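Here are some exercises to help you find your way around a new structure. Have a go at each one before you read its solution.

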Amino acid sequence: MAKNMSRSSVREHIFKIVFGYDFHKVPEDCDLIICNYLDTAKNVNDEIIEFSEDDKNYIVVKVNNIVSKIDDIDEKIEALSNKWKIERIAKAELAILRLAVYEILYDADIPDGVAVNEALELAHKYGDESAHLSTEFFLMSLRKKQRTIEAFSEWKIIKKYIPCWSLIHLLNDL
């Protein structure tokens, strides 16, 4: 029985599947793409990789979740990429960004910092020489925007429960 892989290794396999999915773009084929990958993935020694059941389940769920939200993820990527169309972004970098954006926005189990660091590792390994810089810039912009939205949401909650004149007094006391 195969032992569980590190989360970094599993994430790398998820990246490869998301990268491959971009060439098919048929959500109905996603399970077939995943199964084919899991059955044929090889290591550096050209040996078939044996995935544990936990790793297989994690990969299947995460890839399906990314694919189900891919239009929303792509919209966010395009909005933060200085008006570049998705088609202009290198396929490897796009797959890395899709995975990282999914983890930052939708996967509460993955801390944002981990998602960013893992994306940078993948960009170093699979992107061109400047991929890690553009990936880092993009993900930092996304995190900044998320923090701004969260702060604004908290402000709206505070404002709802504390009258405006009380807020002015509280802010003046700071």
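Three exercises follow, each with a worked solution.

This is a predicted model, in which local features need pLDDT of at least 70, side-chain atom pairs count only at pLDDT 80 or more, and totals for chains, interfaces and linings use all residues. Residues are numbered from 1 along each chain as its sequence is written, and side-chain values use heavy atoms, with hydrogens and water left out.

**Exercise 1.** Work out which residues of helix 2 are buried, and what they pack against.

*Solution.* Start with the helix itself: helices are DSSP runs of H or I with at least four residues, numbered from the N terminus. Helix 2 covers residues 30–40, and its buried residues (under 20% relative accessible area with a 1.4 Å probe, protein chains only; exposed means over 50%) are Cys30, Ile33, Ile34, Tyr37 and Leu38. Next, look down the axis of helix 2: its buried residues fall within an arc of 125° (taken from the directions from the helix axis to the C-beta atoms), so they line one face. Now turn to the face pointing away from that buried side, where you'll find the exposed residues Leu32 and Asp39. Finally, check the partners: the buried residues of helix 2 pack against helix 1 (7–21) and helix 3 (53–68), judged by contact, meaning heavy atoms within 4.5 Å.

**Exercise 2.** Find Ile49 and say whether it is buried or exposed.

*Solution.* First, go to the loop between helix 2 and helix 3, where Ile49 sits. Then check its relative accessible area: at 14%, Ile49 is buried. Now list what Ile49 touches, skipping neighbours within four places in sequence: Met5, His13, Leu38, Ala41, Lys42 and Asn43. Last, try a distance: the C-alpha atoms of Ile49 and Ala2 lie 9.0 Å apart, though 47 residues separate them along the chain.

**Exercise 3.** Sort the linings of the two largest pockets by residue class.

*Solution.* Use this key: Ala, Val, Leu, Ile, Met, Phe, Trp, Tyr, Cys and Pro are nonpolar, Asp, Glu, Lys and Arg are charged, and the others, Gly among them, are polar. Take the largest pocket to begin with: its lining splits into eight nonpolar, four polar and one charged. Helix 7 gives the largest share of that lining, four residues. Moving on, the lining of the second largest pocket has four nonpolar, no polar and seven charged residues. There, helix 4 gives the largest share, three residues.

Key: Helix = DSSP H or I, 4+ residues; strand = E, 2+ residues; numbered from the N terminus.
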